[in-house]
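Here are some notes to go with the structure you sent over. Have it open while you read, as I jump around a bit.

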Amino acid sequence: MRLKNRFFWITAITGFVLDQLTKFWVMQTFSLGETQPLIKGVFHFTYVRNTGAAFSLFAGKVEWLRWLSLLVSIALIALALFTPVLLGWEQWGYGLILSGAMGNGIDRFILSYVVDFLDFRLINFPVFNLADVFINIGIACLIIASFQKTPPTHSSRSK
């Protein structure tokens with residue numbers, strides 16, 4: 001039996017594992033609030049806890065986000081299991097979004113906050129994590145997929 005949408009599953013699992021490993025590393029290596037510059041004044045690793053939504057918006061007032069992460073994760077798993085084979089860009093996009101939703105969702109359920117550590121100071125951007133990166137890249141993949149005018153023949157689809 002061949003696994004349908006295998007790039008979706010590989011992407012989702014790989015992204016989730018990378019996200020959780022980097023967060024574990026940060027929690028084991030850094031004290032809360034500690035920062036380590038990789039390029040001073042440009043890019044740092046800074047351990048913060050995000051109790052809010054994306055980019056720390058609505059801190060402490062987003063209990064519903066853990067449930068949203070769970071619902072999105074279940075919906076994406078169902079999509080991969082019960083729909084026809086997805087196009088390659090769709091598999092990568094949905095897989096990346098699933099990895100991010102699961103990564104941040106697990107944090108919210110277990111820790112009641114999300115571990116963030118990627119700190120781009122050059123543009124004064126909020127601290128974020130790999131799950132956030134994967135969600136954004138996943139959305140970009142789905143935008144690319146939406147521009148594919150004609151679906152490829154069954155033999156050229158990724159399985």
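How many helices and strands does the protein have? Four helices and three strands. Keep in mind throughout that this is a predicted model.

1. **Overall layout.** Going along the sequence, the order of elements is α-β-β-α-α-β-α. Of the contacts between residues at least 6 apart in sequence, 70% join residues at least 24 apart.

2. **Burial and surface.** The protein has 159 residues, and 38% of them count as buried. Its accessible surface is about 9,200 Å², with 71% of that belonging to carbon and sulfur atoms.

3. **The nonpolar patch.** Have a look at Trp67, Leu70, Ile74, Ile106, Phe109 and Ile110: together they make a nonpolar surface patch of about 580 Å². The elements giving two or more residues to this patch are α2 (64-82) and α3 (88-110). As a reminder on helix geometry, an α-helix has 3.6 residues a turn, so residues three or four places apart point the same way.

4. **Leu70 in particular.** This patch member sits in helix α2. Is Leu70 buried or exposed, or something in between? Its relative accessibility is 36%, so Leu70 counts as partly exposed.

5. **Helix α4, length check.** Helix α4 runs over residues 130-146, which is 17 residues. At 1.5 Å a residue, the helix should span 24 Å, and its end C-alpha atoms are indeed 24 Å apart, so the two figures agree.

6. **Helix α4, buried side.** Which residues of α4 are buried? They are Leu130, Ala131, Asp132, Phe134, Gly138, Cys141 and Ala145. Their cover includes α1 (6-29), α3 and β3 (114-120).

7. **Asn129, where it sits.** Just ahead of that helix, Asn129 belongs to the loop between β3 and α4. Despite the loop position, Asn129 has a relative accessible area of 0%, so it counts as buried. Leaving aside residues up to four places away in sequence, Asn129 touches Asp19, Lys23, Asn104, Val114, Val115, Asp116, Phe117 and Leu118.

8. **Asn129, what its side chain does.** At the start of α4, a side-chain oxygen of Asn129 comes to within 2.9 Å of the backbone nitrogen of Ala131. The Asn129 side chain also reaches the backbone nitrogen of Asp132, at 2.9 Å. Both Ala131 and Asp132 are on the list of buried α4 residues, and Asn129 is itself buried.

Key: Residues numbered from 1 in each chain as written. Predicted model: local features only at pLDDT ≥ 70, side-chain atom pairs only at ≥ 80, totals over all residues. Heavy atoms only, no water. Patch = residues over 30% accessible without salt bridge, like charges linked within 9 Å, V, L, I, M, F, W, Y side chains within 5 Å. Areas by Shrake-Rupley, 256 points an atom, 1.4 Å probe, with all protein chains shown as cover. Salt bridge = Lys/Arg side-chain N within 4 Å of Asp/Glu carboxyl O. Buried < 20%, exposed > 50% of the residue type's maximum accessible area, 1.4 Å probe, protein only. Expected span 1.5 Å × (residues − 1). Contact = heavy atoms within 4.5 Å. Polar contact = N/O pair within 3.5 Å; in protein donor to acceptor, adjacent residues only side chain to side chain.
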